[in-house]
Amino acid sequence: MDKNYKLSENDTLSIVIVIMINKLILNIPYYIIQSVGSGTLANIIYIGLIDFIFLLLIIKLMNKFENQDIIDIAGFLGGKILKAIVSVVAIGLLFLASYITILDFSNVLHTIYFSNFDLIYILLYFIVGILIANLCGLKSIASVSTFISFFSIISIIVTFLNTQSNFDITYITPFFGIDFKTTFLSGLNNTFAIYTLVYIYFFKPLLKNPKNFKKISIKSFIISFSMLLITALSMLTIFSSNINVEPINSLFLLARQIEFGNFLQRIDALFIFIWIISIFAYLSFTIFLISRILKKLFNFENEKDLSYSLCSILLGLTLIPINITTLHYIEKNIYSRSIIIFIFVIGFLIISLANLKSRKVKKWKRFLL
């Protein structure tokens with residue numbers, strides 16, 4: 001029914017919000033605090049500037065390719081072989097993101113709220129929901145994202161405002177952290193935190209008006225950066241720079257600090273409900289994107305049919321026994337580096353070389369004419 005549905009500006013920004021809230025829920029701000037301590041604010045501004053410069057370059061380079069994403073551009077640059085390689089890499093990264101997200105957050109829910117239930121039931125809740133959403137199509141995913149994005153933003157703002165009464169300037173001093181190397185050299189690893197840059201490579205063909213790609217991309221970045229910054233500032237109120245034990249979920253701990261008197265209690269449960277729907281929307285869109293890449297790679301008629309296989313594979317992977325500590329290790333070391341490589345090396349290199357090829361092709365055409 002919505003086979004040719006395209007995303008409006010509001011749809012796209014809503015999806016960006018649920019993508020970013022997913023990163024915040026999965027302890028990304030905590031990892032930044034853990035790595036740079038009191039230099040967190042300086043580091044986020046620093047990586048934000050680097051990411052924004054690359055975003056502007058990505059936008060400029062992709063302007064040459066109307067209504068095409070990184071997969072299409074890879075096909076133009078290197079034919080079917082390069083297109084297949086980039087597709088496999090992108091699918092691997094998005095699938096890893098989905099695997100980490102669903103397993104990590106399901107463990108959070110299981111530990112905090114549903115310890116009397118087997119983990120499999122929580123996993124099935126997400127898997128079945130993702131399958132139904134993808135069978136309904138992009139329009140349904142966008143609608144859910146639009147609905148929940150507002151409440152997700154409110155939850156972050158309320159959490160931030162509530163913690164500021166306990167904020168102490170000593171949490172961000174010394175402002176530049178322990179030393180220059182830790183904050184600005186080792187801290188470069190934190191460029192993966194604004195994860196929405198990965199999706200910028202795929203948004204253009206999905207937009208109702210591709211001419212708005214630049215405006216939407218910049219707005220998406222501003223939203224992502226702002227959410228990361230205020231969440232990290234909030235977390236600095238409950239985590240010192242000397243962190244020895246990783247919390248099961250730092251954003252949940254922040255929510256539990258919120259008090260509105262006897263009138264409204266257990267606000268954390270309400271926020272967890274909002275975040276559950278946000279995670280669901282994020283996973284649904286990611287699986288949709290994987291299906292779309294596979295459709296381009298193998299010329300399938302209907303990507304919705306792929307949802308059954310993808311959801312089955314995702315469920316099968318989550319049922320493989322894995323220690324949560326190992327999962328966090330994969331997230332902090334393998335997954336984060338994979339994001340950096342895809343954004344700043346693979347994606348950027350492909351669109352740069354494709355631009356050079358495009359110029360040469362135009363010159364040859366002019367020469368032949």
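## Cysteines without a bond

In this predicted model, the number of disulfides comes to zero. Why does Cys136 not bond with Cys311? Their sulfurs are 12 Å apart, and Cys311 holds the closest cysteine sulfur to that of Cys136, so the gap is too far for a bond. A disulfide needs two cysteine sulfur atoms within 2.5 Å.

The surroundings of these two cysteines are worth a look as well. Cys136 is partly exposed, at a relative accessible area of 38%, whereas Cys311 is buried, at 3%.

## Rings that meet

Now let's turn to the aromatic side chains. Searching the whole structure gives 24 aromatic pairs. One of them joins Phe150 and Phe151, which meet edge-to-face, with 5.4 Å from centre to centre and 75° between the planes. Phe150 is exposed, with a relative accessible area of 52%, and Phe151 is partly exposed at 34%. Phe298 and Phe300 make a tilted pair, with centres 5.8 Å apart and planes at 55°. Here Phe298 counts as exposed at 51%, while Phe300 is partly exposed at 36%.

Rings can also gather in a group: Tyr195, Tyr199, Phe203, Phe285, Phe288 and Tyr335 make up one aromatic cluster. Tyr195 has a charged neighbour too, as Lys23 lies over its face, 4.3 Å from the ring centre. In a similar way, Lys357 sits over the face of Phe76, at 5.0 Å from the ring centre.

## Charges that pair up

Side chains of opposite charge can pair when their charged atoms come close. How many salt bridges does the structure hold? There are four salt bridges.

Lys296 takes part in a salt bridge with Asp69, at 2.7 Å from N to O. This pair links distant parts of the chain, 227 residues apart: Asp69 is in the loop between helix H3 and helix H4, and Lys296 is in helix H11. Asp69 is buried, at 3% relative accessibility, and Lys296 is buried at 17%. Lys296 also meets Asp72 in a salt bridge of 2.8 Å. Asp72 lies in helix H4, 224 residues from Lys296, and counts as partly exposed at 21%.

## A small network

Another salt bridge joins Lys215 and Glu9, whose closest N and O atoms are 3.3 Å apart. Lys215 lies in helix H9 and Glu9 in helix H1, so the pair ties together parts that are 206 residues apart in sequence. Lys215 is partly exposed at 40%, and Glu9 is partly exposed at 21%. Through shared partners, salt bridges join Glu9, Lys215 and Lys219 into one network.

Notes. Residues numbered from 1 in each chain as written. Predicted model: local features only at pLDDT ≥ 70, side-chain atom pairs only at ≥ 80, totals over all residues. Heavy atoms only, no water. Buried < 20%, exposed > 50% of the residue type's maximum accessible area, 1.4 Å probe, protein only. Phe/Tyr/Trp six-rings, centres within 6.5 Å; stacked < 30°, edge-to-face > 60°. Lys NZ or Arg CZ within 6 Å of the ring centre and 35° of its normal. Salt bridge = Lys/Arg side-chain N within 4 Å of Asp/Glu carboxyl O. Helix = DSSP H or I, 4+ residues; strand = E, 2+ residues; numbered from the N terminus.
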